[in-house]
Amino acid sequence: DGYQNVEWVMNTNAPDRGRDISVERVIADAGGETRTERILVQAKHSQSRSIATRDISDSLSSIALWEPPAVHCLIMATSGSFTQDAVSLIEKRRHENVQPRIEMWGKARLESLLAQKPAIIAKFGLATVSDAI
């Protein structure tokens with residue numbers, strides 16, 4: 001719900017398993033107007049290694065390859081966690097209102113999102129977040 005035009009932007013045989021997605025987020029305001037913003041999802045599967053600042057920098061530098069249209073937000077999704085330096089970088093960018101915005105979707109957030117969508121769990125035979133990423 002709230003998303004449209006979902007597409008893969010990488011080869012599924014890529015070294016990072018190619019789980020990179022482009023999607024439009026549909027945003028409705030209080031006046032009934034809607035707008036969309038382009039979101040890129042960079043999915044990283046690793047329970048033994050946390051998302052570090054280098055991962056974020058690499059993803060940000062690749063955004064130019066995926067434009068146009070402009071990217072408004074980068075979601076870093078992981079079955080693992082984020083280093084403190086990565087969290088600090090993301091928070092600094094948010095505080096300075098640097099575009100694209102970066103959202104952190106760690107294991108707990110992904111589990112929460114999946115719990116709200118039992119049809120997805122059933123359709124893809126998922127037992128854990130690790131199965132999804």
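Which residue in β5 does isoleucine 75 stand opposite? The partner is glutamate 103.

## Before we start

This is a predicted model, where local features need pLDDT of at least 70, side-chain atom pairs count only at pLDDT 80 or more, and totals for chains, interfaces and linings use all residues. Residues are numbered from 1 along each chain as its sequence is written, and side-chain values use heavy atoms, with hydrogens and water left out.

A quick word on names: helices (H or I, at least four residues) and strands (E, at least two) are DSSP runs, numbered from the N terminus.

## Strands side by side

Let's begin with β2, which covers residues 20–28 and runs antiparallel to β3, with nine bridges joining them. Two strands count as paired if DSSP finds at least two bridges between them. Valine 23 has isoleucine 39 of β3 as its bridge partner. β2 and β3 make a hairpin with five residues between them, and glycine 32 in that turn has a positive phi of about 90°.

On to β3 and β4, which pair in the parallel sense over six bridges. Two of the partnerships here are leucine 40 with leucine 74 of β4, and lysine 44 with threonine 78 of β4. To get from β3 to β4 the chain passes through α1, and this β-α-β crossover is right-handed. Right-handed means that, with the strands pointing away from the viewer, the path from the first strand over the helix to the second runs clockwise.

## A covered strand

Now look at β4 itself: six of its six residues are buried. Buried means under 20% relative accessible area, exposed means over 50%, and partly exposed lies in between (1.4 Å probe, protein chains only). In a regular strand the side chains alternate between the two faces of the sheet. In β4, Cys73, Ile75 and Ala77 point one way, while Leu74, Met76 and Thr78 point the other.

β4 also pairs with β5, in the parallel sense and over five bridges. Together with α2, these two strands make a right-handed β-α-β unit.

## Helix α1

Helix α1 takes up residues 53–66, and its 14 residues reach 20 Å from first C-alpha to last, close to the 20 Å expected at 1.5 Å a residue. That expected span is 1.5 Å times one less than the number of residues.

Which residues of α1 are buried? They are Asp55, Ile56, Ser59, Ile63 and Trp66. Seen down the axis of α1, these fall within an arc of 95°, so they line one face of the helix. The arc is that of the directions from the helix axis to the C-beta atoms. Among the elements covering them are β3 (34–44), β4 (73–78), α2 (84–95) and β5 (101–105), where contact means heavy atoms within 4.5 Å. Turned away from the buried side are the exposed residues Arg54, Ser61, Ala64 and Leu65.

## Helix α2

α2 has 12 residues, which should span 16 Å at 1.5 Å a residue, and its end C-alpha atoms are indeed 16 Å apart. Its buried residues are Ala86, Val87, Ile90 and Arg93. Viewed down the axis of α2, they fall within an arc of 130°, so they line one face of the helix. They pack against α1 and β5, while Gln84, Asp85 and His95 are exposed on the other side. After α2 comes asparagine 97, with a positive phi near 55°.
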